[in-house]
Amino acid sequence: MADFPGPDPVVVIGAGIVGLSSALAIQREGLSVLLVDRGQPGHGASFGHAGGIAVTWVSPQGLPDLVRRLPRWLLDPLGPVAVRWPYLPRLLPWFLELRRHSSPTEVRRLGDALASLMSQAWPSWESLLARLGGESARLVKHEGSLTVYHGRRQLDHDRLVWDMRRVRGFQVETVDEDALRTHEPALSADFTVGVLERQAKWCEDPMAVVDSMAASFVSGGGLIVRTEVVGFDEESSTVRGVRTTQGVLPSSAVVIAAGAWSHRVAAHLGHTLPLESERGYHVDIPDPGVRLRRILSLAPYKVVVTPLRGGVRLSGTAEFGGVDSLPDFRRADALVTVARRALPDLVVGEHKQWAGDRPILPDSLPTIGWDPHFGNVCHAYGHSHIGFTLGPLTGDLVADLLARRTPRVDLTPFRAARFG
């Protein structure tokens, strides 16, 4: 299938932004790299997310207020969370584990862990964009993000989120009703208060950046193979080969970065991971009739509106039903409904819908680190809503590990063995 001169290559499983970032970073170490994915590079969650580079995201998803609001959200057809009811018995232990991580002590610990990653996220992005150059760098915008609420009472529900950002040194600016319309004239008068985060960034065309990364990897001598992983050849706590539907790929090391399917890949090594698929939806509108100045988060609905170079993208919802379930595009229709409430002049017209699966662990932290049993296997998955933000940094950390350097971030909170 693939023929490299000299030693066996590092095999990276998964060609989303985390896998591509890892492959590029390992390649810079002078190692041969083979990237494996059953689909096209970047066409999973890396294709359809909101495009935010959310370097201020330091709060876990399992906050106490989420646990309290969850029953109401599940009963609301326009709510931000949905569960396929036949899947609930399988999901219940995961939700209980999520709740266990919602205590004040755990929230502080997890917030500190996320902050340690976020402190290095943008420097890794800057390095990546400098290497890609040209159009990719111009696609990333620096005008910040604006989160809007119907009133101060709603804002107070998220007080813990904003306090966690302030205490960790991020700039969080409350915007009153008059200034809100100055920032975003298209916004409905129903929104009366907002929070501006000037350090946040977004990308006008995330897929173009991912395509540029894939092209850079191939031009640097990397190979991309479209195939599915079905097992591993093991010898003395070492993986010597990756078994696929097209044959065995010899490997000097393996990186598991398969997103929402990572638990299935890791299962071939004997791991049982509490990794769930959190399905999100988006709607791309090429001619929306409104102009936004920055990425906009509609807090009451957990919907994000992103200005793209070809229109706007509506994205959101967290649907739990497993990676094998078929999309329910009524969830995408709900995005349009709430976006019209927020942006009265929005023209939907011709549009495209998409659904994709985010990988999420119950403590809201990604897994980054060596396998506890196999000395040449590295884990890099579980990034939930912040995969695009942390992709380049995760790649740098994986390269640090393979080069036997001390990683630039303490990876203890993200170790693969933390779930047993």
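## Close-ups of a predicted model

**View 1. Strand β14 is covered on both of its faces.** In β14 (residues 253-256), Ala 253 and Val 255 sit on one side and Val 254 and Ile 256 on the other, and all of them are buried (under 20% relative accessible area with a 1.4 Å probe and protein chains only; exposed is over 50%, and partly exposed is in between). Helices (H or I, at least four residues) and strands (E, at least two) are DSSP runs, numbered from the N terminus. Side chains in a regular strand alternate between the two faces of the sheet. This is a predicted model, so local features need pLDDT of at least 70 and side-chain atom pairs count only at pLDDT 80 or more, while totals for chains, interfaces and linings use all residues. Residues are numbered from 1 along each chain as its sequence is written, and side-chain values use heavy atoms, with hydrogens and water left out.

**View 2. β14 has β1 and β21 as partners.** Strands count as paired if DSSP finds at least two bridges between them. Strand β1 (residues 10-13) runs parallel to β14, joined to it by four bridges. Here Val 11 has Val 254 as its bridge partner, and Ile 13 has Ile 256. Strand β21 (residues 377-381) also runs parallel to β14, with three bridges between them. Look for Val 254 opposite Val 377 and Ile 256 opposite His 379.

**View 3. Zoom out and you get an open sheet of six strands.** The order is β10-β2-β1-β14-β21-β20, and the pairing is mixed. At the edges are β10 (223-226) and β20 (367-370), each with a single partner strand, so one side of each has no neighbour in the sheet. From one strand to the next, the twist averages 15° (axes are lines fitted to C-alpha atoms, for helices over the stretch in contact, and angles run from 0 to 180 degrees between N-to-C directions). Helix α1 (residues 17-28) packs on this sheet and touches β1, β2 (33-37), β14 and β21; contact means heavy atoms within 4.5 Å. The direction of α1 makes about 170° with that of β2.

**View 4. Strand β1 has buried residues pointing both ways.** Val 10 and Val 12 point one way, Val 11 and Ile 13 the other, and all are buried. β1 also pairs with β2 in the parallel sense, over four bridges. In that pairing, Val 12 has Leu 35 of β2 as its bridge partner.

**View 5. Val 255 and Val 12 are among the best-connected members of the largest nonpolar core.** A nonpolar core is a set of buried Ala, Val, Leu, Ile, Met, Phe, Trp, Tyr and Cys residues joined through side-chain atoms within 4.5 Å. This one has 59 residues, and Val 12, Ile 26, Trp 125, Met 213, Val 255 and Phe 414 touch the most other members. Helix α5 (residues 104-132) gives the most to the core, with 13 residues. Leaving out residues up to four places away in sequence, Val 255 touches several residues, including Val 10, Val 12, Ile 26, Cys 378 and Val 398. Apart from this core lies another, of 29 residues, with Leu 187, Val 290, Ala 342 and Val 348 among them.

**View 6. A second open sheet has three strands.** The order is β11-β12-β13, with antiparallel pairing. β11 (229-235) and β13 (247-250) are the edge strands, and each pairs on one side only. The twist averages 30° from one strand to the next. Six bridges join β11 to β12 (residues 238-244), and Asp 233 stands opposite Gly 241 of β12.

**View 7. Phe 95 and Phe 320 meet edge-to-face.** Rings of Phe, Tyr and Trp (its six-membered ring) pair if their centres lie within 6.5 Å; planes under 30 degrees apart count as stacked, over 60 as edge-to-face and the rest as tilted. That rule gives six aromatic pairs. In the one shown, Phe 95 and Phe 320 are 5.4 Å apart centre to centre, with 65° between the planes. Phe 95 is in helix α4 (residues 88-100) and Phe 320 in strand β18 (residues 311-320), so the pair ties together parts that are 225 residues apart in sequence. Phe 95 counts as buried at 13% relative accessibility, as does Phe 320 at 4%. Together with Trp 94, these two form one aromatic cluster.
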